[in-house]
Structures are given as structure tokens and as C-alpha cells.
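Here are some exercises to help you find your way around a new structure. Try each task yourself, then read the solution step by step.

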Amino acid sequence: DDDGAFLGWIAAGPKANFPYLAQRPGSRMGPQGDGVWSIACLAMALSHRGRGYSTEAVRLAIIEAKAAGAKTLEAYPLEPAPDGSGYRGSRELYEKAGFKAVEGEPSGELHALRMELTLA
């Protein structure tokens with residue numbers, strides 16, 4: 001929140017808490033078991049991108065996942081990273097946080113990645 005203006009939001013937690021990930025390109029390819037957490041969605045208002053808010057949101061998701069005992073944290077960016085409502089974070093954002101691209105698949109005209117960060 002920036003003086004009442006929407007900045008963005010992140011949905012992160014155990015992968016099993018996001019059942020739609022089992023059908024979504026990128027996320028459906030990875031493991032579904034205990035200890036696997038996901039950044040299911042990351043959205044920042046276009047007017048507030050480039051200010052470090054996404055980096056901070058991912059950093060806080062990593063801290064929360066570690067505190068909860070997660071073994072891995074996944075993220076699912078699209079390439080090329082689209083503007084607007086389809087934003088999931090960029091490959092570069094997650095790579096800077098230590099994630100590695102482990103697999104990917106087509107998603108329409110884009111490519112959906114599954115990126116993974118080992119926590120334990």
C-alpha cells in the first residue's frame with residue numbers, strides 16, 4: 001500500500017494449498033509432496049515496478065517458507081515476461097534470489113518455467 005494505492009501482492013505457501021497449480025503450465029511439472037512450497041502468483045502494479053517491491057516480496061516468501069520447514073520453494077515465471085495481469089515475476093528476479101530453472105513447457109506463445117530454490 002502506497003498512500004492508498006495498490007502496489008502488489010504475492011501468494012505463497014504449500015503447493016498443495018493451490019490446487020489449480022496441478023493444471024497450470026510450469027507448475028504442474030514439479031513435485032506435489034510435503035515440503036514443497038510455491039510462489040503461486042506475484043503481481044505488482046505497473047506503476048510500481050522497478051522499485052524493488054518484487055524482490056522484497058520474494059525475500060519474505062523465502063523467509064516464511066524456511067520458517068515453516070519447507071524443503072523447496074518453486075516459482076513459475078513466463079518467458080518472455082508479459083506486462084499486465086499475467087505477471088508472475090521474471091526469470092531474472094528469481095535467479096537473483098538463488099532459484100534455478102529446472103524445467104519448462106510451452107504456454108501459448110510463451111514458455112512457462114518451473115524454477116526451484118532448495119531451502120534445506
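**Exercise 1. Find out how confident the predictor is in the protein chain, overall and by element.**

Solution. This is a predicted model, so start with its confidence. The mean pLDDT of the protein chain is 89, and 94% of the residues get to 70 or more. Next, look at the elements: strand E3 (residues 72-75) comes out highest with a mean of 97, while strand E4 (residues 78-79) is lowest at 90. Keep one caution in mind: where pLDDT is low, predicted coordinates shouldn't be read in detail.

**Exercise 2. Work out the order of helices and strands along the protein chain.**

Solution. Begin with the count: there are two helices and six strands. Now walk along the sequence, and you get β-β-α-β-β-α-β-β.

**Exercise 3. Decide whether the radius of gyration of the protein chain agrees with that of a compact globule.**

Solution. Take the chain length, 120 residues, for which a compact globule would have a radius of gyration near 14 Å. Then take the value for the protein chain, which is 14 Å, so the two agree. For the dimensions, the C-alpha trace spans about 40 × 35 × 25 Å along its principal axes. As for what's inside, buried residues make up 42% of the 120. Finally, check the contacts between residues at least 6 apart in sequence: 67% of them join residues at least 24 apart.

**Exercise 4. Describe the surface and the charges of the protein chain.**

Solution. The accessible surface comes to about 6300 Å², and carbon and sulfur atoms account for 53% of that. Turning to charges, count 13 positive and 15 negative side chains. The centres of those two sets sit 4 Å apart.

**Exercise 5. Locate the cis peptide bond that joins Glu-79 and Pro-80.**

Solution. Look at the bond between Glu-79 and Pro-80, where omega is about -10 degrees. Then place Pro-80: you'll find it in the loop between E4 and helix H2 (91-96).

**Exercise 6. Is Ser-27 buried or exposed?**

Solution. First, find the residue: Ser-27 is in the loop between strand E1 (8-14) and strand E2 (36-44). Its relative accessibility is 0%, so Ser-27 counts as buried. Now see what it touches, leaving out residues up to four places away in sequence: Lys-15, Leu-21, Gln-32 and Tyr-76. You can also check a distance: Ser-27 and Ala-40 are 13 residues apart in sequence, and their C-alpha atoms are 8.4 Å apart.

**Exercise 7. Trace what Leu-73 and Thr-72 touch, then follow the trail to Glu-116.**

Solution. Start in strand E3, home to Thr-72 and Leu-73. Thr-72 has a relative accessible area of 14%; the cut-off for buried is under 20%, so Thr-72 is buried. Leu-73 is buried too, at 0%.

Next come the contacts, again skipping residues up to four places away in sequence. Those of Thr-72 include Val-36, Trp-37 and Glu-116. Leu-73 touches Trp-37, Phe-99 and Glu-116, among others. Leu-73 and Phe-99 are 26 residues apart in sequence, yet 8.4 Å apart from C-alpha to C-alpha.

Now move to Glu-116, which is in strand E6 (residues 110-118). Among the residues Glu-116 touches are Thr-72, Leu-73 and Lys-100. As a last step, compare Glu-116 with Lys-100: they are 16 residues apart along the chain, and 5.4 Å separates their C-alpha atoms.

How values were computed:
Residues are numbered from 1 along each chain as its sequence is written. This is a predicted model: local features need pLDDT of at least 70, side-chain atom pairs count only at pLDDT 80 or more; totals for chains, interfaces and linings use all residues. Side-chain values use heavy atoms; hydrogens and water are left out. pLDDT is the predictor's confidence in each residue, from 0 to 100. Helices (H or I, at least four residues) and strands (E, at least two) are DSSP runs, numbered from the N terminus. The radius of gyration is taken over C-alpha atoms; the globule rule is 2.2 Å times the number of residues to the power 0.38. Buried means under 20% relative accessible area, exposed over 50%, partly exposed in between (1.4 Å probe, protein chains only). Contact means heavy atoms within 4.5 Å. Accessible areas come from the Shrake-Rupley method with a 1.4 Å probe; for residues, only the protein chains shown count as cover. Lys and Arg count as positive and Asp and Glu as negative; His and the chain ends are not counted. The place of a charge is taken as NZ of Lys, CZ of Arg, CG of Asp or CD of Glu.
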